[in-house]
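Thanks for passing this one along. Here are my notes, set out point by point so that you can follow them with the model open.

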Amino acid sequence: MNEILVVDDEKDIREQITGLLEDEGYQTRSAPDGATALKEIEKRQPDLLLLDVWLGDPAYDDLKLLEMVRAKNLNIPIIMISGHGTVETAVKAIKLGAFDFIQKPFKTERLFLVIQRALETAQLKRENQALKTQFQSTSELVGSSNAIFQLKKNIEKVAPVNSRVLLIGPFGVGKELIAHQIHVLSLRADGPFLSVNCEGRHDELNERLFGSEGAEDGNLGAFEQAHKGTLYLEDVSSLSADLQSQLVRLLHDGTFTRHNGNQKVKVDVRVLASTRHDLKKLVLEGQFREDLYYRLNIVPLNIPALSERREDIPQLVEHFVKEISRSEGIRSRTFSEQALNLMHSYLWPGNIHELRAVVERVLLLSPAANDQPVTTDELPGELKGEAANIQGAEDLLSLPLREARENFERDYLLAQVNKFSGNISRTASFIGMERSALHRKLRHLQLERKEKGFGT
């Protein structure tokens, strides 16, 4: 429900306009002068401002208040209203950033139409910004593995409710993408989505999260900008003790004070947070507040590493090829089965981010006229393990034949089993062995006891 702040020095007009707006389903606030209007905006940014040109105060009359609001870089659509306006005043107001100018007395239908257009334009701007943010990363959760299937189901369950969610997983697994999907599927989808990385200097992060007060350098923080929407806090384990305390207070009653300010600001924001560290361990070590941990960890979501969903690699590669080819304007290519097999056996310590970087590197460095599938020779050296292979060959040459053969078999079979995510049946089929024979060989090489999670 959109909230409109009505600013007019005439009480009867304020009450008439707010009454009409409330009958149409809008929430309203009102202010009789410029100073009160600025205080109301500081308390909470409205979705739209209806502003009279003449407020009976030289400090705010004749578009001065409009200039003050715009100087703070607030993205509030502003509609100017006046009973003594001129064409010159209207043109100046539009140039200063007003959405439209309405002459008193105005028809109710005209007012509602302009308000609707202003709100729709503001919404479109937010959506465009969200699309720009999305374009920088994957636009969807790609994959059909059981791990991704379960994750998608969990996202569908938690998205519609207003509970806080803690995304847990290593670097590069796509936690921000998942946070954005939760927002898109939530009841707040029409509101803003903001992301803040919690690493960085305390003072800068404090101002970025909670904003600051001051006529010259005052600005809105992420919590106010995300009002009625979602704020994603990346890597909350990096928050300082003071910021942890401020966040606890905000999550308790929805209020906070800006940097250099003393007035409480109340917001309605759904908080999604992520961590790549064991927060429970950090709590026991005294590095993370226990009350903050339990407030953030209402619904924990474990995000699988790429090594836990290797069967998704072909789909991910195809998705990244299409995305990169479109964004960079370069030729699209397929990856050969041998290249995909090699990518399947790699551990991917950088997860999805590393996979995308590899695909982009291959496409950018490939000959423009090369329409052949990407081969293993075009993949980076770390995937091929060239240095490890050389060292491994030297080690094998120093061993007796039987021991060298067992070492080779152990490394080979372990790589193949990992390649198929521990599925023994698929591994046996690929290497040409009976499943029972492979089980015996793994037991003989003492792999089954060391590697948990081997399936049938």
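1. A word on terms before the pairs come up: a salt bridge here is a side-chain nitrogen of Lys or Arg within 4 Å of a carboxyl oxygen of Asp or Glu. Asp-235 and Arg-276 satisfy that cut-off, with 3.7 Å from N to O. Asp-235 sits in the loop between strand E8 (230-234) and helix H10 (241-253), while Arg-276 sits in the loop between strand E11 (270-275) and helix H11 (279-284). The two are 41 residues apart, and the pair links distant parts of the chain. Their surroundings are worth a look too: Asp-235 is buried at 5% relative accessible area, whereas Arg-276 is partly exposed at 40%.

2. Now the overall picture, keeping in mind that this is a predicted model. The chain has 456 residues, and 44% of them count as buried. Its secondary structure comprises 20 helices and twelve strands. Of the contacts with a separation of 6 or more, 69% are between residues 24 or more positions apart. The accessible surface is about 23800 Å², and carbon and sulfur atoms contribute 50% of that.

3. How many salt bridges does the structure hold? The total is 21. One of them joins the side chains of Arg-29 and Glu-40, at 3.0 Å from N to O. Because Arg-29 belongs to strand E2 (residues 27-31) and Glu-40 to helix H2 (residues 34-43), this pair ties together parts that are eleven residues apart in sequence. Arg-29 is buried, at 13% relative accessible area, and Glu-40 is buried as well, at 14%.

4. Please also look at Arg-258 and Glu-224, a salt bridge whose closest N and O atoms are 2.8 Å apart. Arg-258 is in the loop between strand E9 (255-257) and strand E10 (264-266), and Glu-224 is in helix H9 (residues 222-225). With their positions 34 residues apart, they link distant parts of the chain. Is this pair buried or exposed? Arg-258 counts as buried at 4% relative accessibility, and Glu-224 counts as buried at 4%.

5. On to the aromatic side chains, where the count comes to five pairs. The rings of Phe-210 and Phe-223 are stacked, because their planes meet at 15°, with the centres 5.4 Å apart. Phe-210 is in helix H8 and Phe-223 in helix H9, 13 residues apart, so to speak of this pair is to speak of a link between distant parts of the chain. Both of these residues, Phe-210 and Phe-223, are buried.

6. Phe-210 has another partner: with Phe-256 it forms a tilted pair, 5.4 Å centre to centre and with 50° between the planes. Phe-210 lies in helix H8 and Phe-256 in strand E9, so the pair ties together parts 46 residues apart in sequence. Phe-210 and Phe-256 are both buried. Ring pairs thus link Phe-210, Phe-223 and Phe-256 into a cluster.

7. Finally, a residue in helix H8 (residues 202-210) that you may like to inspect is Asn-206. Asn-206 is buried, with a relative accessible area of 9%. Which residues does Asn-206 touch, not counting those up to four places away in sequence? They are Gly-211, Leu-243, Gln-246 and His-259.

Conventions
Residues numbered from 1 in each chain as written. Predicted model: local features only at pLDDT ≥ 70, side-chain atom pairs only at ≥ 80, totals over all residues. Heavy atoms only, no water. Helix = DSSP H or I, 4+ residues; strand = E, 2+ residues; numbered from the N terminus. Buried < 20%, exposed > 50% of the residue type's maximum accessible area, 1.4 Å probe, protein only. Contact = heavy atoms within 4.5 Å. Areas by Shrake-Rupley, 256 points an atom, 1.4 Å probe, with all protein chains shown as cover. Phe/Tyr/Trp six-rings, centres within 6.5 Å; stacked < 30°, edge-to-face > 60°.
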